[in-house]
Amino acid sequence: MKRRVSPLAILGAFILVVLSHSLQVYSQDSGNSPKANEVLPNFKDVNYGSHPKELINFWQFDSDQPVGVLLQIHGGGWMGGKKDEVLRPYQMKAGYHIASISYPLVNEGARQPAMLNSALRAVQFLRFKAKEWKIDPDRIVATGGSAGGCSSLLIALHDDIADPQSADPVERFSSRIAGAQVAGAQTTMNPFVIKAMIGEKTFGNPMPYQPFGAETAEEMMNNWGKYKELALLCSPITHLSKDDPPLHLFYNVNREFPTTRSSNGIHSPIFGEIMLKACRKIGVECHLQYWEKDRAKPKVSRQDFLKILLIRQG
């Protein structure tokens, strides 16, 4: 005689299968869970533009009122690199939001001005999201190291690209920011200036020429008429004008001339000196901090610079 299986037994078996599957999924997912000292973004991989790499991570400071946002742009010579995916808990206690973007890269087939355009659009996108994400649109500051610093300076000094009549609502917003705090940033992409003022060994790093389509610095200089317009467009100092916001530049390599290696040259504080001299000439606030302890310190520290620009006083 065949034994009948009760409905309760069938239900119990089903529940066990579901629970077993759930535990497997939990086990797999827990490998991607944040550690105790990591904070995941509130909004992850949000498209801020049409390019697949135009993605933004946004960490929201807990506030009832709109607060400023620090826009992080990663380095990597415009060749590689990636945005931040986690932050540390202390970073979320600073009193402002933090955003980090990815953007088109040379190693993936992109060329300038794609990186410049992405950085400008990211600012416009943050303003577009201001109400939803509780952003104070007057307190957006860009930061980054190396190429990320160069992009930060570019958007700080670039003319506003807002188009009030655009069919794209993001493009209707201003691209201007309250300032830029950078590290190891390039202030010019003019190869003749780099060679004369920093040294030829800088060109061991491809950033001054490959993002513009040249294979070598020599090719770029020999065909300067072909590359000049784009290289100068992507040189922060080209855009400097007396109505620009304050800048803070830090360099973590020793000053040497001529540079003895490309890693020093591409991050040389001489880039900062070029910008500082130009800013002083027209009255734009600019702070330069050297790596060497025996050199003069700026009047405003990097930390205080951010507090002044990002946190509403009083």
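Here is a short exchange about a predicted model and the reasons behind some of its labels.

Me: Happy to start with one residue: why is H97 called buried?
Reply: Buried means under 20% relative accessible area. H97 has 0% relative accessibility, so it counts as buried.

Me: What makes the W133 backbone oxygen a polar contact of the H97 side chain?
Reply: The cut-off for a pair of N or O atoms is within 3.5 Å. The H97 side chain reaches the backbone oxygen of W133 at 3.3 Å, so the pair satisfies that limit. There is a further case: the backbone oxygen of K134 lies 2.7 Å from a polar atom of the H97 side chain, and that value also falls within 3.5 Å.

Me: Which residues, beyond its neighbours within four places in sequence, are in contact with H97?
Reply: Contact needs heavy atoms within 4.5 Å. Among the residues in contact with H97 are F58, W59, F61, V69, L70 and I135. F61 is 36 residues away along the chain, and its C-alpha atom is separated from that of H97 by 4.9 Å. H97 itself sits in strand β4 (residues 97–101).

Me: What makes β1 and β8 edge strands?
Reply: The sheet is open, with eight strands in the order β1-β2-β4-β3-β5-β6-β7-β8 and mixed pairing. β1 (43–47) and β8 (286–289) each have a single partner strand, so one side of each has no neighbour in the sheet. On average, neighbouring strands of this sheet are turned by 20° against each other, direction ignored.

Me: How do you know that β1 and β2 pair?
Reply: Pairing requires at least two bridges between the strands. β1 and β2 (residues 55–59) have three, in the antiparallel sense, so they qualify. Within this part of the sheet, F43 stands opposite F58 in β2.

Me: Which strands does helix α4 lie across?
Reply: Helix α4 (residues 147–157) lies across β3, β5, β6 and β7, and runs at about 145° to β5. Another helix, α9 (residues 269–282), lies across β7 and β8, at about 155° to β8.

Me: What makes a group of residues a nonpolar core?
Reply: The members must be buried residues of the nonpolar set, joined through side-chain atoms within 4.5 Å. The largest such core here has 70 residues, and L71, W78, L126, I155, L247 and L249 have the most contacts inside it. Helix α2 (residues 114–128) supplies the largest share of this core, eight residues. Apart from it lies another core of 13 residues, including I98 and V141.

Notes. Residues are numbered from 1 along each chain as its sequence is written. This is a predicted model: local features need pLDDT of at least 70, side-chain atom pairs count only at pLDDT 80 or more; totals for chains, interfaces and linings use all residues. Side-chain values use heavy atoms; hydrogens and water are left out. Buried means under 20% relative accessible area, exposed over 50%, partly exposed in between (1.4 Å probe, protein chains only). Helices (H or I, at least four residues) and strands (E, at least two) are DSSP runs, numbered from the N terminus. Axes are lines fitted to C-alpha atoms, for helices over the stretch in contact, and angles run from 0 to 180 degrees between N-to-C directions. A polar contact is a pair of N or O atoms within 3.5 Å; within protein, one must be able to donate a hydrogen and the other to accept it, and residues adjacent in sequence count only if both atoms are side-chain atoms.
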